[in-house]
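Biologist: I should like a close look at a single part of this protein, namely the charged pairs and the sheet around them. Please explain it in a form that a first-year student can follow.

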Amino acid sequence: MFQRKPTEEIQKEQTDVWECSADGCNVWMRDNFSVKGQEKQECPICGSDMVKGSRNIEVVPNPQNF
C-alpha cells in the first residue's frame, strides 16, 4: 500500500572551506560559495579572520559564479 522510495546514497567529498579562526566560533563556509579572488575572508558572525581548510561534506553544486 504505502512504500518508501529507495533512498539515494548521499555523495560526500573533500571540499575546500573557510573556517573561523576564533576560539568558540564554529562558523565555516564552502569556498565555492564565497566571493572569488579574495585572499582573506572575514567571519560574518564575529568579524575574526577566516582560514582555508577542508571538510568531508555533501556535494552541493553552485551554478552561480561570484
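Modeller: R55 is partly exposed, with a relative accessible area of 29%. This is a predicted model, and the side chain of R55 meets that of E19 in a salt bridge, with N and O 3.1 Å apart. R55 belongs to strand β4 and E19 to strand β1, so the pair ties together parts that are 36 residues apart in sequence. E19 is also partly exposed, at a relative accessible area of 22%. In general, side chains of opposite charge can pair when their charged atoms come close.

The structure holds three salt bridges. Another of them joins K52 to D31, where the closest N and O atoms are 3.4 Å apart. K52 lies in strand β4, while D31 sits in the loop between β2 and β3, so this pair links parts that are 21 residues apart in sequence. K52 counts as exposed at 51% relative accessibility, whereas D31 is buried, with a relative accessible area of 16%. The cut-offs explain these words: buried means under 20% and exposed means over 50%.

K40 forms a salt bridge with D49, and here the closest N and O atoms are 3.9 Å apart. A salt bridge requires the nitrogen to be within 4 Å of the carboxyl oxygen, so this pair is counted. K40 is exposed, with a relative accessible area of 59%, and D49 is partly exposed at 42%.

The sheet gives these pairs their setting. It is an open sheet of four strands in the order β2-β1-β4-β3, with antiparallel pairing. β2 (28-30) and β3 (41-42) stand at the edges with a single partner strand each, so one side of each has no neighbour in the sheet. Strand β1 (residues 12-20) is joined to β4 by nine bridges, and the two run antiparallel. E19, already met in a salt bridge with R55, has V51 as its bridge partner in β4.

On the other side, β3 pairs with strand β4 (residues 49-58) in the antiparallel sense over two bridges. E42 stands opposite D49 in β4, and Q41 has M50 as its bridge partner there. β3 and β4 form a hairpin with six residues between them, and G47 in the turn has a positive phi of about 85°.

R30, found in strand β2, offers a contrast to the charged pairs. R30 is buried yet has no salt bridge, since the nearest side chain of opposite charge, E58, is 6.0 Å away, and the limit for a salt bridge is 4 Å. Apart from residues up to four places away in sequence, R30 touches T15, D16, V17, I57, E58 and V60.

M50, the partner of Q41, also belongs to the largest nonpolar core, together with W18, C20, C25 and C43. In soluble globular proteins, nonpolar side chains tend to be buried together. Within this core, C25 is in contact with C20 and C43, and C25 also contacts C46, leaving aside neighbours within four places in sequence.

A word on confidence completes the account. The protein averages a pLDDT of 86, and 94% of the residues score at least 70. Confidence is lowest in β3, at a mean of 90, and highest in β4, at 94.

Definitions and conventions:
Residues are numbered from 1 along each chain as its sequence is written. This is a predicted model: local features need pLDDT of at least 70, side-chain atom pairs count only at pLDDT 80 or more; totals for chains, interfaces and linings use all residues. Side-chain values use heavy atoms; hydrogens and water are left out. A nonpolar core is a set of buried Ala, Val, Leu, Ile, Met, Phe, Trp, Tyr and Cys residues joined through side-chain atoms within 4.5 Å. Buried means under 20% relative accessible area, exposed over 50%, partly exposed in between (1.4 Å probe, protein chains only). Contact means heavy atoms within 4.5 Å. Two strands pair if DSSP finds at least two bridges between them. pLDDT is the predictor's confidence in each residue, from 0 to 100. Lys and Arg count as positive and Asp and Glu as negative; His and the chain ends are not counted.
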